Structures are given as structure tokens and as C-alpha cells.
Amino acid sequence: MIWNEQIECMSSNEMRKLQSERLIELVNRVYQNVEFYRIKMDEKGVKPSDIRSIDDISKLPFTNKTDLRDNYPFGLFAAPMKEIVRIHASSGTTGKPTTVGYTKKDIENWQEALARCLTMSGVSSEDIVQVSFGYGLFTGGLGIHFGAENVGCTVIPISAGNTRRQLQLMSDFGSTVLACTPSYALHLADALAEYGYSLSDMKLKTGVFGAEPFSENMRLELEKKWGIKAFDIYGLSEIMGPGVANDCEFHDGLHIHEDLFFPEVVDPKTKEPLPDGRQGELVFTTLTKEGIPLLRYNTHDLTTLNREKCECGRTLVRMKKITGRSDDMLIIRGVNLFPSQIEQVLLEMGETSAHYMLYVDRENNLDILELKVELDESKMVDTIKDLMSLSRKIEHSLHSALGLSVKVTLVEPKSIPRSEGKAVRVIDNRKI
Ligand code: DLL
């Protein structure tokens with residue numbers, strides 16, 4: 001089944017025509033309504049009239065996450081507040097999060113993109129969808145929720161966490177679709193027996209997993225453990241939330257809704273656009289967004305593009321599964337974390353040295369964080385009790401700043417290896 005055949009199977013000529021019309025309109029709008037873009041375009045010496053087709057996109061300036069932070073909270077909005085009907089924000093950032101706003105039309109387009117993704121995953125109005133992504137400022141829960149309602153599914157808005165209840169409702173309500181992060185799906189599968197369930201108690205047939213990278217092997221493992229068909233859903237809050245791309249039943253890359261989000265892949269060093277098939281940073285221009293339209297937003301996700309026609313009949317360009325990023329952002333239980341945020345907390349507290357090492361691991365398929373921090377020579381703590389209370393204090397500050405639990409171990413001064421080049425501050429032992 002295809003949700004919107006006209007768009008999803010459009011010829012490449014027609015698609016480029018549509019993208020060109022939308023880009024021209026978009027550039028005029030942001031130039032008029034967003035001071036940030038007017039200044040950036042003037043600096044680059046490009047006028048809206050220089051953009052005559054989608055081929056001119058490389059004349060436009062890039063946008064980065066820092067631009068959203070610098071213009072916190074609403075500086076990049078292109079629509080007046082009275083037209084903004086919803087705000088979301090990125091997860092787990094200290095201080096200023098990145099905020100996004102949606103107009104009614106943006107929400108409709110989001111529901112459209114999600115309806116296409118869910119249909120691509122074989123979901124229909126017959127399905128009961130258990131939404132185990134977090135609800136709230138994170139886009140996962142509410143995004144999938146309204147998309148599934150648009151398809152006509154029965155939605156269970158259970159949100160993330162509480163394993164026992166997840167399994168109980170899955171069994172009692174007969175959920176046929178599970179939407180959550182792949183690591184949580186694996187955790188739930190492994191917890192079945194512990195809570196007295198077996199697969200035969202469940203009616204699950206489809207998994208819609210995303211918000212963090214997972215390998216093809218992990219996808220197959222999830223299919224085997226649950227006896228389901230598993231799909232990969234990709235997205236980011238800056239561009240919209242979940243539903244920017246999704247894989248179809250052939251699992252040979254994720255189809256991008258390129259009528260809404262125009263993708264480019266650029267060289268991580270030079271930022272020059274790369275030809276299809278070459279790996280680089282994925283960049284999106286939001287062709288229809290009204291609330292916070294973005295020109296050439298660099299996601300820092302690494303992938304390649306493939307424009308060959310897919311066996312499913314869709315012509316939408318495909319991107320390879322995302323397996324890495326060009327920056328140091330970690331995704332811990334769906335929460336985005338930059339190691340520099342940890343540093344900031346330690347420095348603000350000023351009770352230890354700033355030498356630390358972060359260990360990321362996976363236990364029972366859940367991400368766990370351990371932080372080793374060196375004690376400050378000038379402020380040596382000598383009783384075990386004091387040591388314990390200092391580590392607990394740091395754990396507490398990290399939790400309130402990051403929204404994540406981190407186990408803190410204090411270590412002797414100068415015991416963390418120093419590096420001559422770029423400091424290695426993260427050891428990620430998760431096998432994904
Ligand atoms: O994670 C939106 C989302 C929710 C996507 C639910 C899918 C399902 P952010 O919190 O802004 O938004 O994080 C975006 O997460 O740039 C990628 O690095 C990573 N990411 C998201 N989906 C995938 C995926 C949501 N399917 C960042 N595979 C992105 C790999 C993913 N990485």
C-alpha cells in the first residue's frame with residue numbers, strides 16, 4: 001500500500017519542478033520574515049531573485065544547531081506567534097534547548113509525512129498502535145500519535161518507560177504495532193519472560209523503530225525476537241520530528257519525503273555538495289514549513305543518497321541507514337547528549353578537576369552512563385563518606401541538567417590518560 005501515490009511515485013522531472021516552485025516561495029518568505037536569513041543571504045551576496053530552481057540551492061547559506069540556540073527561543077520563527085499552534089524542543093540539552101514551532105499547516109504536513117511512513121511500514125486503520133516514544137517536548141510521542149490517528153489506527157498513548165505496564169497493555173489491548181526506540185524494543189522483548197508473558201500472549205506484527213541508530217543486524221534481531229516486521233523511522237526535531245524518512249518492505253535505504261524536505265549530502269570538511277552514492281553530512285531544506293523553515297540545515301548525520309527506483313514502486317530518493325554522526329553527539333535512551341554538556345556541569349560545580357572520561361554501555365538493552373572524574377588536587381577529600389557524598393552531588397547535578405542518570409566515580413588526580421591530539425573523552429561500548 002502507498003499512502004500518496006501521486007507524490008511518492010512522481011517522476012523525477014515533476015518532483016524537481018515541485019521542489020523548485022516550493023524553494024522559490026520559501027526563500028522569498030524567509031528573506032522577508034526572518035532577519036537571521038536576510039543577514040546571512042546579504043552576507044553571501046545572494047538575493048531571493050537569484051534562486052530560480054532547485055539547482056540553485058547551493059547558493060544558499062547553511063544553518064546549524066548553534067544558530068537555533070543563538071536565536072533561542074523563537075528568533076528563527078517565520079510566522080507570527082498567533083499562527084503557531086505547537087512548540088517542541090530538543091531533548092536533554094543544558095541551558096538553551098533548540099525550540100521549534102508549528103503552524104496548523106505544518107502539523108497537517110507532519111501528519112501526512114507520518115501517514116506515508118506508517119503505510120510504508122505496512123500499518124493500516126486496522127492496527128492498534130502502542131506509542132512507547134516519550135510524550136512531551138520530545139517530538140517522538142506526539143508526532144507518531146497524530147500520524148497514526150491520521151491513518152485511522154487505534155492509538156495507545158502509553159509514552160516511554162514502565163516495562164511491566166507496557167507488556168500488560170500490549171497483551172490486554174492486543175497492540176499490533178509497537179513504536180519506540182530499537183533499544184527499548186529489545187529490552188521489552190527480553191523482559192517478556194521475566195513478567196510472565198510469552199510471544200503467544202501478544203498480537204504484535206509490526207515495529208516502527210527510530211530516534212537512535214541501529215544496524216541492519218539489530219533490525220533483524222528485533223524481527224526474530226518479536227516475530228514481527230521491523231521498520232526504521234528517521235527524523236529530527238529541527239526539521240519536523242519523526243517521519244522525515246522511513247524504509248519500505250525492501251529495507252534498502254529510507255525513502256525521504258523530498259517534496260517536503262529537500263536532502264543534500266555535503267563533504268564534512270569542505271561543505272561542498274557530494275554526488276549521489278558518496279557519504280557525507282546530510283543537509284535538509286524544509287520546502288513547505290511555515291513555523292520555523294530552515295535553509296540547508298546540517299544534521300551531522302552521515303549517509304549517502306540513492307535515486308534509483310525502488311522495487312516498491314516509490315521514486316522518492318533513498319538515504320542509507322544512519323550509523324554515525326560527524327560530530328560528537330551521543331544518543332542515550334533517545335536523549336541527545338554532547339560530552340561538552342558534562343564538562344559544563346563539572347566546571348560550574350568547580351569541585352573536581354575537568355578531566356573526565358564517559359563510558360557508555362548497554363545493559364539489558366538499555367543505555368547506561370558511567371562518568372569517571374578526577375579529584376582536584378587542591379581540594380582533596382579524605383573520608384570515604386565525603387567522597388560518596390561528592391559523587392552523589394555530581395550525579396544529582398548531572399541528572400537535573402541532562403535529564404539522564406549517570407553513575408559517577410571519583411578517581412585519583414592524573415589517573416585519566418591524557419591525549420596529545422584531540423582528547424578522547426567518550427568510550428562507547430554499545431555494539432550498534
Ligand atoms: O529523535 C525524532 C524521532 C523520534 C525520530 C522518533 C524517529 C522516531 P531528535 O531528538 O531531534 O529527534 O534527534 C534527532 O536522532 O539527527 C539522528 O542523529 C538521530 N536519529 C533519529 N532517528 C534515527 C534513525 C528525534 N532512525 C537525531 N536512525 C538525528 C539513526 C536517528 N539515527
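How many nonpolar, polar and charged residues are in the shell around the ligand? By class, ten are nonpolar, seven are polar and five are charged. The legends below describe close-up views of a predicted model.

**View 1. The shell around the ligand.** The ligand is surrounded by 22 residues. D232, I233, S237, D301 and R325 are the closest of them. Helix α6, residues 139–151, supplies at least two residues of this shell. Strand β7, residues 229–236, also supplies at least two. The top contributor is β7, which gives five residues.

**View 2. Side chains that meet oxygen atoms of the ligand.** Three of the closest residues, S237, D301 and R325, are picked out here. S237 places a polar side-chain atom 2.6 Å from an oxygen atom of the ligand. For D301, a polar side-chain atom also lies 2.6 Å from a ligand oxygen atom. In R325, an N or O atom of the side chain is 3.1 Å from an oxygen atom of the ligand. On its own, the ligand has 610 Å² of accessible area, and the protein covers 98% of that.

**View 3. The nine-stranded sheet.** This sheet is open and its pairing is mixed. Its strand order is β4-β3-β5-β6-β7-β8-β9-β14-β13. Strand β7, which lies within this order, is the strand that gives five residues to the ligand shell. At the edges stand β4 (154–156) and β13 (305–306), each paired on one side only.

**View 4. The β13 edge of the nine-stranded sheet.** What is the partner of N306 across the bridge to β14? It is R318. Two bridges link β13 to β14, residues 318–319. The two strands pair in the antiparallel sense.

**View 5. The four-stranded sheet.** Four strands make a second open sheet, in the order β10-β11-β12-β15. Pairing in this sheet is antiparallel. Why do β10 and β15 each have one side without a neighbour in the sheet? Both stand at the edges with a single partner strand, so one side of each is left without a neighbour. Strand β10 covers residues 261–266, and β15 covers 324–325. R325, in the short range of β15, is also among the residues closest to the ligand.

**View 6. The β10 and β11 pair.** Strand β11 spans residues 280–286. Six bridges join β10 to β11, and the two run antiparallel. One facing pair can be located by residue: E264 stands opposite V283 of β11.

**View 7. Domain 1 against domain 2.** The protein chain is divided into domain 1, residues 1–325, and domain 2, residues 330–428. Their C-alpha centres lie 32 Å apart. How many residues of each domain are in contact with the other? Domain 1 contributes 16 residues, and domain 2 contributes 16.

**View 8. The cis peptide bond at P73.** Y72 and P73 are joined by a cis peptide bond. Omega is about -5°. P73 sits in the loop between α4 and β1. Helix α4 spans residues 65–70, and strand β1 spans 84–89.

**View 9. The backbone at H251.** H251 is not a glycine, yet its phi is positive, at about 50°. Where does H251 lie? It is in the loop between β8 (241–247) and β9 (254–256). Both β8 and β9 appear in the order of the nine-stranded sheet.

Key. Residues are numbered from 1 along each chain as its sequence is written. This is a predicted model: local features need pLDDT of at least 70, side-chain atom pairs count only at pLDDT 80 or more; totals for chains, interfaces and linings use all residues. Side-chain values use heavy atoms; hydrogens and water are left out. A residue is near a molecule or strand if one of its heavy atoms lies within 4 Å of it. A polar contact is a pair of N or O atoms within 3.5 Å; within protein, one must be able to donate a hydrogen and the other to accept it, and residues adjacent in sequence count only if both atoms are side-chain atoms. Accessible areas come from the Shrake-Rupley method with a 1.4 Å probe; for residues, only the protein chains shown count as cover. Ala, Val, Leu, Ile, Met, Phe, Trp, Tyr, Cys and Pro count as nonpolar, Asp, Glu, Lys and Arg as charged, and the others, Gly among them, as polar. Two strands pair if DSSP finds at least two bridges between them. Domain bounds come from an automatic or database domain assignment. Contact means heavy atoms within 4.5 Å.
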